[in-house]
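The following paragraphs guide a reader through one protein model, from its interior outward. Please keep the sequence and the three-dimensional view at hand while reading.

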Amino acid sequence: MATREEYEQLKAFARIDGALVGALWIVSFACFIGGFAVPVLGVISLFTGVASVVFATMRLRKFRDNILGGIISFRRAFGYGCFTYFYAALLMAVAQFVYFQFIDGGYLIAKYTAAMTNKDMAGMMQSVYGISPDDMKLALDTLAALRPIDVALQFLTTDIILGVMISLPIAAIIKSAGKRR
């Protein structure tokens with residue numbers, strides 16, 4: 001059972017790592033947006049997103065080895081991962097709110113609308129996914145009607161859920177045998 005001091009220590013290190021992972025997510029999001037104008041940024045966005053998971057795993061391993069003396073239970077590793085991704089998701093949600101509230105000005109929806117109304121894309125969406133052009137228009141209109149806070153909260157929820165899911169295998173990999181703490 002962890003003491004209050006150990007719990008506070010875990011949260012403090014997770015906040016730092018969450019800020020670092022959140023910064024990587026913000027860079028990934030910025031590259032995603034930039035990818036509409038410069039396609040190579042879309043690839044960089046993908047790699048940065050994947051790298052954030054590897055980075056978080058390395059930081060958890062460093063916490064285990066340098067702070068906890070090489071011993072961490074699955075439960076503590078899972079908690080650390082959940083806290084890390086929670087703090088990263090909060091930072092990302094703030095950045096996305098600022099982007100959609102003050103910077104975007106309809107850019108993202110315009111790019112999606114242009115892509116989805118492209119004849120080839122519309123044909124693919126119809127044949128592969130069974131989505132009619134009317135359904136695509138309805139979906140894009142719905143997206144356009146969302147307020148920036150709605151978008152940020154939706155991403156926050158999704159990021160937290162994904163963080164919990166990602167934390168499970170990471171904790172299983174990083175946990176170490178030895179005396180339980």
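Which residues of the largest nonpolar core touch the most other members? The model is a predicted one, and in it this core has 27 residues, of which Trp25, Leu60, Phe63 and Ile72 touch the most other members. Two or more residues of the core are supplied by each of the helices α1 (4-34), α2 (39-67), α3 and α7. Helix α3 gives the largest share, ten residues. As a general background, nonpolar side chains in soluble globular proteins tend to be buried together.

Leucine 60 offers a convenient view of how such a residue is surrounded. Leaving out residues up to four places away in sequence, leucine 60 touches Ile72, Ala77, Tyr80, Ile170 and Ile174. Apart from the largest core lies another one, of five residues, including Met116, Ala122, Met125 and Met136.

The arrangement of the helices may be considered next. Two packed helices are described by the angle between their axes and the distance between the axes. The pair α3 and α7 is a suitable place to begin. Helix α3 comprises residues 74-103, and its axis comes within 8 Å of that of α7, the two crossing at roughly 160 degrees. Because angles over 145 degrees count as roughly antiparallel, this value makes α3 roughly antiparallel to α7. The crossing in which α3 passes α7 is right-handed. By class, the residues of this contact divide into 25 nonpolar, five polar and one charged.

Helix α3 also packs with α1. Here the axes come within 6 Å and cross at roughly 40 degrees, and α1 and α3 are therefore oblique to each other. The crossing of α1 and α3 is right-handed. The contact of α1 with α3 contains 22 nonpolar, five polar and five charged residues.

How are α2 and α7 oriented towards each other? Their axes lie 11 Å apart, and the helices pack at an angle of about 40 degrees; α2 and α7 are therefore oblique to each other. Their crossing is right-handed. On the side of α2, the contact is made by Val53, Thr57, Leu60, Arg61 and Arg64, and on the side of α7 by Ile166, Ile170, Ile173 and Ile174. Sorted by class, the contact of α2 with α7 has six nonpolar, one polar and two charged residues. Leu60, named above for its contacts within the core, thus appears again among the residues of α2 that meet α7.

Isoleucine 166, found in helix α7, belongs to this contact as well. Is isoleucine 166 buried or exposed, or does it fall in between? With a relative accessibility of 25%, isoleucine 166 counts as partly exposed, because partly exposed residues lie between the limits of 20% and 50%. Aside from its neighbours within four places in sequence, isoleucine 166 is in contact with Val53 and Tyr85. Between isoleucine 166 and arginine 64, which are 102 residues apart along the chain, the C-alpha separation is 18 Å.

Three further residues show how accessibility varies with position in the model. Isoleucine 103 lies in helix α3. Its relative accessible area is 57%, so isoleucine 103 is exposed. The C-alpha atoms of isoleucine 103 and phenylalanine 47 are separated by 24 Å, with their positions 56 residues apart along the chain.

Alanine 115 lies in helix α4, which covers residues 107-117. Because its relative accessibility is 28%, alanine 115 counts as partly exposed. The distance between the C-alpha atoms of alanine 115 and alanine 139, 24 residues apart along the chain, is 13 Å.

Arginine 147 occupies the loop between α6 (133-145) and α7 (148-174). With a relative accessible area of 52%, arginine 147 is exposed, since exposed means over 50%. Arginine 147 and proline 169 are 22 residues apart along the chain, and their C-alpha atoms are separated by 35 Å.

Methods: Residues numbered from 1 in each chain as written. Predicted model: local features only at pLDDT ≥ 70, side-chain atom pairs only at ≥ 80, totals over all residues. Heavy atoms only, no water. Helix = DSSP H or I, 4+ residues; strand = E, 2+ residues; numbered from the N terminus. Buried < 20%, exposed > 50% of the residue type's maximum accessible area, 1.4 Å probe, protein only. Axes fitted to C-alpha atoms, helices over the stretch in contact; angles between N-to-C directions. Parallel < 35°, antiparallel > 145°, perpendicular 65-115°, else oblique. Left-handed = near helix turned anticlockwise from the far one by under 90°. Nonpolar A, V, L, I, M, F, W, Y, C, P; charged D, E, K, R; others polar. Core = buried A, V, L, I, M, F, W, Y, C linked by side-chain atoms within 4.5 Å. Contact = heavy atoms within 4.5 Å.
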